[in-house]
Amino acid sequence: MATPVLSALEFACRMPKAELHVHIEGTLEPDLAFAAARRNGLVLPYASEEALHAAKAFTDLQSFLDLYYACADVLRTSRDFADLMFAYLERAHRDGVVHAEIFFDPQTHTARGIPFDVVMEGLNAGRVEGVRRFGIGSRLILCFLRHLSEDEAFATLAQAQPFLDDIDGFGLDSSERGHPPSKFARVFARVRALGKPVVAHAGEEGPASYITEALDLLGAVRIDHGVRALEDPAVVRRLAAEGIALTVCPLSNVRLCVFPTMKDHVLPALMAAGVRVTINSDDPAYFGGYMNDNIRAVDAAFGFDGAAWAAIGRNSIEASFAAPADKARWLADIERFAVSVGIKP
Ligand code: ADE
Ligand code: ZN
């Protein structure tokens with residue numbers, strides 16, 4: 001094969017790919033937050049965008065969640081949610097994302113008196129505009145907040161009932177420690193009975209056993225984060241054998257002190273063990289970057305070759321909930337792009 005005309009990093013940044021782990025509330029950039037606050041007659045507890053930015057020095061997941069939920073308070077109207085969604089899709093499109101599966105936390109909004117339909121109307125308007133302007137496809141995944149009760153999750157599922165055509169899956173997020181997947185076994189049984197796929201945050205700050213619980217008790221088909229799997233070799237072997245994808249979020253893990261530096265991240269070890277990994281941005285407005293910022297940070301730490309990046313790109317498409325025909329087309333696009341730039345996929 002001829003010498004590649006693109007570096008492995010440039011190839012990774014430009015290849016078509018899916019983002020499978022991004023919280024729409026975590027894409028709230030300071031400029032949008034201040035604009036929404038102004039429109040809604042609210043005052044953020046930060047004097048400027050710079051002051052808000054400076055507050056993003058986190059020590060763990062909870063220290064981040066405290067700020068994340070506080071900032072979400074400026075989201076009040078359908079327009080706020082539409083602007084948020086459209087801004088994310090525009091930004092993701094610039095990073096070569098062709099399909100995004102986007103978490104939203106309705107309980108964060110309904111608890112403040114924002115009606116469920118206001119949230120859905122806004123998110124859907126932004127998605128429609130994303131397809132129209134950039135051809136970027138998206139799916140919505142409703143996450144239950146695990147620091148709340150299972151009864152509250154059931155109430156949220158009841159509120160979601162009229163919108164099930166627009167909700168493509170269900171997940172579990174928020175404070176992991178002390179809130180095991182087993183707490184939500186019954187509500188996820190109901191979700192599965194509705195025919196919706198299940199994903200769950202597990203093994204981010206919580207132990208590897210939470211990954212096993214998410215698979216066995218919730219029926220999760222993907223694990224969000226899952227990086228602590230490596231603490232139990234049996235869990236790693238199972239993930240590899242069953243082809244369970246992990247939606248890994250490298251910048252998030254470093255910013256939330258799961259690993260001290262990117263060089264300490266277990267991504268290469270997971271790949272070496274045969275686990276299907278994908279790379280994602282989680283809460284890009286809080287953790288220093290979007291899809292390609294994560295790719296650049298991983299490249300700087302580990303310098304993957306083009307074949308490794310092509311595999312990560314393929315994993316993202318294959319592990320998505322996109323239609324089979326779309327998946328086949330994007331997989332062929334990755335292959336064709338790799339060959340065209342002299343990278344062996
Ligand atoms: N909600 C938003 N981001 C999250 C994360 N990284 N872990 C758990 N819950 C979240
Ligand atoms: Zn997350």
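In which loop does Ser175 lie? In this predicted model, Ser175 is placed in the loop between β4 (169–173) and α9 (185–193).

**Around Ser175**

Ser175 has a relative accessible area of 11%. Buried means under 20%, so Ser175 counts as buried. Its side chain makes a polar contact of 2.7 Å with the side chain of Gln62. Apart from neighbours within four places in sequence, Ser175 is in contact with Leu61, Gln62, Leu65, Arg146 and His147.

**The zinc site**

The zinc ion (ligand 2) has as protein donors His21 (NE2), His23 (NE2), His201 (NE2) and Asp282 (OD), at 2.0 to 2.3 Å. The spacing of these donor residues in sequence is H-x1-H-x177-H-x80-D. His201 belongs to strand β5 (residues 199–202), while Asp282 sits in the loop between β8 (276–279) and α14 (284–287), so this pair ties together parts that are 81 residues apart in sequence. The angles among the 4 donor atoms run from 84 to 175°, and the site is irregular. His201 is buried, at 4% relative accessibility. Asp282 is buried as well, with a relative accessible area of 3%.

**Aromatic pairs**

There are 15 aromatic pairs in the structure. A pair of aromatic rings is described by the distance of the centres and the angle of the planes. The table gives two of the pairs found in this model.

| Pair | Centre to centre | Angle between planes | Type |
|---|---|---|---|
| Tyr68 and Tyr286 | 6.2 Å | 70° | edge-to-face |
| Phe116 and Phe163 | 5.4 Å | 15° | stacked |

Tyr68 lies in helix α4 (residues 61–72) and Tyr286 in helix α14, so the pair links distant parts of the chain, 218 residues apart. Tyr68 and Tyr286 are both buried. Phe116 is in helix α7 (residues 116–134) and Phe163 in the loop between α8 (150–160) and β4, so this pair ties together parts that are 47 residues apart in sequence. Phe116 and Phe163 are buried too.

Tyr68 and Tyr286 also belong to a cluster linked by ring pairs, together with Phe58, Phe64, Tyr69 and Phe287.

**Charges over rings**

Which residue has its charged end over the ring of Tyr286? Lys56 does, at 4.7 Å from the ring centre. Elsewhere, Arg222 lies over the face of Phe321, 4.3 Å from the centre of that ring.

Technical notes: Residues are numbered from 1 along each chain as its sequence is written. Chains are lettered from A and ligands numbered from 1 in the order in which they are written. This is a predicted model: local features need pLDDT of at least 70, side-chain atom pairs count only at pLDDT 80 or more; totals for chains, interfaces and linings use all residues. Side-chain values use heavy atoms; hydrogens and water are left out. Donors are N, O and S atoms within 2.8 Å of the metal (3.2 Å for Na, K and Ca); water is not among the atoms, so sites may look incomplete. Four donors count as tetrahedral if all angles lie between 85 and 135 degrees; four count as square planar and six as octahedral if opposite donors are over 155 degrees apart and all others between 65 and 115; anything else is irregular. Helices (H or I, at least four residues) and strands (E, at least two) are DSSP runs, numbered from the N terminus. Buried means under 20% relative accessible area, exposed over 50%, partly exposed in between (1.4 Å probe, protein chains only). A polar contact is a pair of N or O atoms within 3.5 Å; within protein, one must be able to donate a hydrogen and the other to accept it, and residues adjacent in sequence count only if both atoms are side-chain atoms. Contact means heavy atoms within 4.5 Å. Rings of Phe, Tyr and Trp (its six-membered ring) pair if their centres lie within 6.5 Å; planes under 30 degrees apart count as stacked, over 60 as edge-to-face and the rest as tilted. A charge sits over a ring if NZ of Lys or CZ of Arg is within 6 Å of the ring centre and within 35 degrees of the ring normal.
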